[in-house]
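Please open the model in your viewer and keep the selection panel at hand, since this tour goes from one selection to the next and says what is found at each stop.

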Amino acid sequence: MSKPKVLITHCEVPSSAIDLLRTDCDLIINDEKPYPNIDQIKAKAKGVDAILWSSKLKLNEDVLNAAGPQMKVVATMSAGVDNIDLNVLRKNEVKLANTPIVLNESVADLAIGLALAACRRFTEGREIITSAKWTFGPQWFLGRDLFQARVGIVGFGGIGQAIARRLKAFDVTEIMYSGHSEKEEAVALGAKLVDFQLLCLQSDFIFACCPLNDETRGMFNAKAFGWMHKSAVFVNVGRGELVVQKDLVKALQTNNLLGAGLDVMTPEPLPKDHELLKLSNCVLTPHVASATKRTRDAMAELCAQNILRGLGGEEMFTPVP
Ligand SMILES: O=CC(=O)O
């Protein structure tokens, strides 16, 4: 019996995942560097039974059509599925799995890193050194503490909770979160459900880590930044489109926020002359919150296991409903 064909959309998917798939599947691996475009992916997708999708590109009807009706399983190497047309997958009875949970700790680490980098003014500090403006004074270059701060977490899923666990070690005064319903896990973390406006009004640090969907797109807009106080720090490890970016730029330019730490932005990659890069009170990382060796290996292996289970007709470990 012939083996199922699996397309791996990026040649740098960790080898431990490739090894898991290799025995039972014929693999087609995209080898374009640094990453393939959609036409290159579509060309290789023809006739495959499953795809390990390691790409920020849109997985839509075109891709499914290019693959053909036999294609029944997609495993995306990401927690977010906002680049995947879920309706089209559903309509074509294609099973989808993502990689939640395994990346929570790495993303939470980076979120805390960005919060500290923003509140202690890392970007500005480096600029001061490189422009030979380093001086000294008891009031010079003051930042704010995460210690004893009030913190708001928007999106209290696995990542939000991992951030909250780290915040306990910083002795924060209060952890608030917003969302649709009270989370059981919040009790042990001493986190309190509040509405989004109150969270913005009362938090010294605001962490955005919710999924991007029609409800959350653009929720951090001029109004929300207006609710935040001038000494607040905004951190985004969710998706750039959660934010109306021009409103954030304005809030930072006018010092209506102390600072921002962003792992995600719009567009990605960000052009090198973008406004965000001109702001001393903004710390940026290039969408790498899950980019540690351990986590990327775990994400890839989970994708491989999901593909094997999906192709074998078993329940996948982390199906997207
Ligand atoms: O952004 C990264 C992810 O969704 O895993």
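Begin by selecting Ser 55, which lies in the loop between strand S3 (50–53) and helix H3 (61–67); helices (H or I, at least four residues) and strands (E, at least two) are DSSP runs, numbered from the N terminus. This is a predicted model, in which local features need pLDDT of at least 70 and side-chain atom pairs count only at pLDDT 80 or more, while totals for chains, interfaces and linings use all residues. Residues are numbered from 1 along each chain as its sequence is written, and side-chain values use heavy atoms, with hydrogens and water left out.

Stay with Ser 55 and show its side chain, which reaches the backbone nitrogen of Leu 57 at 2.9 Å. Such a polar contact is a pair of N or O atoms within 3.5 Å; within protein, one must be able to donate a hydrogen and the other to accept it, and residues adjacent in sequence count only if both atoms are side-chain atoms. Leaving aside residues up to four places away in sequence, Ser 55 touches Thr 9, Ile 41 and Asn 83, where contact means heavy atoms within 4.5 Å.

Next, select the strands S2, S1, S3, S4 and S5, which in this order form an open sheet of 5 strands with parallel pairing; two strands pair if DSSP finds at least two bridges between them. Strand S2 (26–29) and strand S5 (95–97) stand at the edges with a single partner strand each, so one side of each has no neighbour in the sheet. From one strand to the next, the twist averages 15°; axes are lines fitted to C-alpha atoms, for helices over the stretch in contact, and angles run from 0 to 180 degrees between N-to-C directions. Within this sheet, strand S4 (residues 73–76) runs parallel to S5 and is joined to S5 by 3 bridges, and Ala 75 stands opposite Ala 97 in S5. Now add helix H12 (residues 293–311), which lies across strand S1 (5–8), S3, S4 and S5 and runs at about 170° to S4.

Then turn to the other open sheet, whose 7 strands have the order S8-S7-S6-S9-S10-S11-S12, with parallel pairing. Its edge strands are strand S8 (191–193) and strand S12 (282–284), each pairing on one side only. Select strand S10 (residues 233–236) and strand S11 (residues 259–262), which pair in the parallel sense over 4 bridges, with Ala 260 in S11 as the bridge partner of Phe 234. Helix H11 (residues 245–253) lies across S10, S11 and S12, running at about 140° to S11.

Two loops deserve a stop for their backbone. In the loop between S2 and helix H2 (38–45) you will find Pro 34, and the peptide bond from Lys 33 to Pro 34 is cis, with omega near 0°. Pro 267 is found in the loop between S11 and S12, and a cis peptide bond, with omega about -5°, joins Thr 266 and Pro 267.

Finally, which residues are around the ligand? They are Ser 78, Ala 79, Gly 80, Leu 103, Arg 239 and His 287, a residue being near a molecule if one of its heavy atoms lies within 4 Å of it. An oxygen atom of the ligand is 2.7 Å from a polar backbone atom of Ala 79, and an oxygen atom of the ligand is 2.7 Å from an N or O atom in the side chain of Arg 239. A polar side-chain atom of His 287 lies 2.6 Å from an oxygen atom of the ligand.
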